[in-house]
Structure formats: structure tokens, C-alpha cells
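Visitor: I would like a close look at a single part of this chain, the disulfides, and at what surrounds them. Could you take me through them slowly, as you would for someone in a first year of study?

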Amino acid sequence: MIPSGELVFKRIAVNIRTFHLSPTINWKEGVPVFLSVIVLMSFVSCKKEKGILSLEWQNESLSLTAEICTKYRECADKEWKSIPENLKKFTEGRLEETQCQKRFRESNAYKLIGADPLAIQTAYKECHTQILKFSCKDLQEGKIETVPSCLAFQKIQNRN
């Protein structure tokens, strides 16, 4: 008589020996799988939003962005006392005109992605107006977080 532990071991060993994978794929099975992968990849790549090309909006929004960047540069702590040492160059770089414009060109607002294009334009224009009205002290205190149009705009920008 075989002890129960050995019987289980023999049964497992037999099952493992009878199961084997074929390293070759049947042509008739492989073609549909391959085509399915191609279709899925093309669907995923097409799903990514490209945005709406509007030269008028792009020029206007870059102009608004330049004014916002200028305002923040003027209000920045010139000695960078309020910014940790390891972030000083990063922050300074972000406020430079070319970097500021470059980052905006990559944004949802510039490409009119993430919401209705008119809603994006309206939110950005209203937020821009409010930022320019704020004093430097208001901006440093974070009062921009209380402006509904700026909050709406921030949500649009954070969408992927």
C-alpha cells in the first residue's frame, strides 16, 4: 500500500509530465491573435487626443501666458528666500520667458484638450485677468486658489 503523501506526489508528477507547451504556434491560431494586437494598438494610439488646431487661440493664449509669466517674475522673491535651495534653479528656470512659453505649448489649454474649447478659452482669459489684478502679496498668499475660473482652468490642465 502507498502512503497517501506518495500517491499525491505521483499523481502530480504524472499530471506535470502529460502537460507540455508547444513552442510553435499554429498559423491559423496566430494570425487572429496578431491582428487583434495590431487593432488594439491602433485603437489606443488613436484614442490619445491630439487637440484642436486654432492658430488664433494659440497666438492669443501665448500672449496671455507671457503676461502671466511676467507678473510672476515681477512678484518672485528676488533673493529666493522662500524657496528651498534645491528648487531655486528649477523655479527660476520655470519663470524664464522661453520656458514658460514652452511649457504652455505642451498644455491641454494650448491644444484645447480636456473640455469644451470655449470653456477652456473663457476660463483662461478670466483667470488671466484676475491674476493681473492681484497684487504680488495676493499671489504669494495663494489667493489664486479662491478664483473659480482659475480652479476650473487648473482642472482642465490636470486632465490627461
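Guide: What follows goes through the disulfides one by one and then turns to the salt bridges and one loop residue. Please keep in mind that this is a predicted model, in which the chain averages a pLDDT of 74 and 57% of the residues score at least 70. One stretch calls for particular care, since pLDDT stays under 50 over residues 42–48, and for these residues the model has one contact beyond four places in sequence.

The count of disulfides comes to three, and with the bonded cysteines counted along the chain they follow the pattern 1-3, 2-5, 4-6. We can begin with the disulfide that joins C69 to C100, where the S to S distance is 1.4 Å. This pair links distant parts of the chain, with C69 in helix α3 and C100 in helix α5 (residues 97–105), 31 residues apart. The link of C69 and C100 is left-handed, with -50° about the S-S bond. C69 counts as buried because its relative accessibility is 3%, under the 20% cut-off, and C100 is buried as well, with a relative accessible area of 14%.

Helix α3 also holds C75, which is joined by a disulfide to C136 in helix α8 (residues 136–140), 61 residues away in the chain. Here the S to S distance is 2.0 Å, and the link of C75 and C136 is left-handed, with -70° about the S-S bond. The two partners differ in their surroundings: C75 counts as buried at 8% relative accessibility, whereas C136 counts as partly exposed at 29%.

The remaining disulfide is formed by C127 and C150, whose sulfur atoms are 2.0 Å apart. Because the torsion about their S-S bond is about 105°, this disulfide is right-handed. C127 lies in helix α7 and C150 in helix α9 (residues 148–158), so the pair ties together parts that are 23 residues apart in sequence. Both C127 and C150 are buried.

Helices α3 and α7, which we have now met, are also linked by a pair of charged side chains. Side chains of opposite charge can pair when their charged atoms come close. E60 forms a salt bridge with K125, and their closest N and O atoms are 3.3 Å apart. E60 sits in helix α3 (residues 55–75) and K125 in helix α7 (residues 117–133), so that 65 residues separate them in the chain. E60 is partly exposed, with a relative accessible area of 30%, and K125 is partly exposed too, at 33%.

The structure holds four salt bridges, and beyond the one just described there is a network of salt bridges that links K137, D138, E141 and K143. Within this network, K143 meets D138 at 3.3 Å, N to O, and K143 also forms a salt bridge with E141, where the closest N and O atoms are 3.9 Å apart. K143 is partly exposed, with a relative accessible area of 35%, and E141 counts as partly exposed at 47%, while D138 counts as buried at 19%.

Finally, we can pause at the loop between α6 (108–111) and α7, where L112 lies. Most residues other than glycine have a negative phi. L112, although not a glycine, has a positive phi of about 55°, and at 6% relative accessibility L112 counts as buried.

Definitions and conventions
Residues numbered from 1 in each chain as written. Predicted model: local features only at pLDDT ≥ 70, side-chain atom pairs only at ≥ 80, totals over all residues. Heavy atoms only, no water. pLDDT = per-residue confidence, 0-100. Contact = heavy atoms within 4.5 Å. Helix = DSSP H or I, 4+ residues; strand = E, 2+ residues; numbered from the N terminus. Buried < 20%, exposed > 50% of the residue type's maximum accessible area, 1.4 Å probe, protein only. Disulfide = S-S within 2.5 Å.
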